[in-house]
Amino acid sequence: MGIDLNSMSRKDLLALQTNVATALKDAEERERREALAAAEKAAAEFGFSLSELSPDAKKGGKTGKAAAKYRNPANPEQTWSGRGRKPQWIHDALTSGADISDLEI
């Protein structure tokens with residue numbers, strides 16, 4: 001390509017930058033579709049679908065919330081899974097002499 005960037009105006013360069021970003025995004029999507037089609041074709045040659053070969057490929061993301069392990073005796077609606085930062089009511093209970101096992105569900 002013989003584009004002389006030095007002779008282009010700022011406005012033209014910004015337009016070119018936007019066009020290049022769009023073209024790159026389109027090329028990536030096109031290549032992704034082509035790769036998926038090639039993988040599906042290869043799996044089909046052996047009599048499988050992609051979902052049969054990799055059942056969890058489509059899954060992903062976060063799993064659900066962790067089950068609660070501890071409950072506040074003063075307010076049963078307050079629970080804690082034992083993951084992450086301890087809630088204030090756990091700190092208060094431990095400071096007042098309670099054992100963590102006393103708060104288990």
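**Exercise 1. Determine which residue just after helix 1 takes a positive phi, and compare the span of helix 1 with expectation.**

Solution. Just after helix 1, G47 takes a positive phi of about 85°. Helices here are DSSP runs of H or I with at least four residues, strands are runs of E with at least two, and both are numbered from the N terminus. The model is predicted, so local features need pLDDT of at least 70 and side-chain atom pairs count only at pLDDT 80 or more, while totals for chains, interfaces and linings use all residues. Residues are numbered from 1 along each chain as its sequence is written, and side-chain values use heavy atoms, with hydrogens and water left out.

For the span, the expected value is 1.5 Å times one less than the number of residues. Helix 1 has 36 residues and should therefore span 52 Å; its end C-alpha atoms are 52 Å apart, which agrees.

**Exercise 2. Identify the salt bridge of E28 and state where its partners lie.**

Solution. A salt bridge requires a side-chain nitrogen of Lys or Arg within 4 Å of a carboxyl oxygen of Asp or Glu. By this rule the count comes to one. E28 pairs with R32, their closest N and O atoms being 3.1 Å apart. Both residues lie in helix 1, four residues apart, about one turn of the helix. An α-helix has 3.6 residues a turn, so residues three or four places apart point the same way.

Next, accessibility is assigned: buried means under 20% relative accessible area, exposed over 50%, and partly exposed in between, with a 1.4 Å probe and protein chains only. E28, at 44%, is partly exposed, whereas R32, at 58%, is exposed.

**Exercise 3. Describe the surroundings of A68 and of L94.**

Solution. A68 is placed in the loop between helix 2 (50–53) and strand 1 (70–71). Its relative accessible area is 34%, so A68 is partly exposed. Contact means heavy atoms within 4.5 Å. Leaving aside neighbours within four places in sequence, A68 is in contact with T79, W80, S81 and I105. A68 and T79 are 11 residues apart in sequence, and their C-alpha atoms are 5.9 Å apart in space.

L94 belongs to helix 3 (residues 88–95). With a relative accessible area of 31%, L94 is partly exposed. Not counting residues up to four places away in sequence, L94 touches K86, D99 and I100.

**Exercise 4. State which residues form a nonpolar patch with I3.**

Solution. Patches are made of residues with over 30% relative accessible area and no salt bridge; like charges are joined within 9 Å, and nonpolar side chains (Val, Leu, Ile, Met, Phe, Trp, Tyr) within 5 Å. I3, L5 and L13 form such a patch on the surface, with about 240 Å² of accessible area together. Areas come from the Shrake-Rupley method with a 1.4 Å probe; for residues, only the protein chains shown count as cover. I3 is found in the segment before helix 1 (10–45), and its relative accessibility of 44% makes I3 partly exposed.

**Exercise 5. Characterise the overall form of the chain.**

Solution. The chain has three helices and two strands, in the sequence pattern α-α-β-β-α. Its radius of gyration is 28 Å, well over the 13 Å that the globule rule gives for 105 residues, so the chain is more spread out than a compact globule. This radius is taken over C-alpha atoms, and the rule is 2.2 Å times the number of residues to the power 0.38. Along its principal axes the C-alpha trace spans about 75 × 55 × 20 Å. Buried residues make up 10% of the 105 residues.
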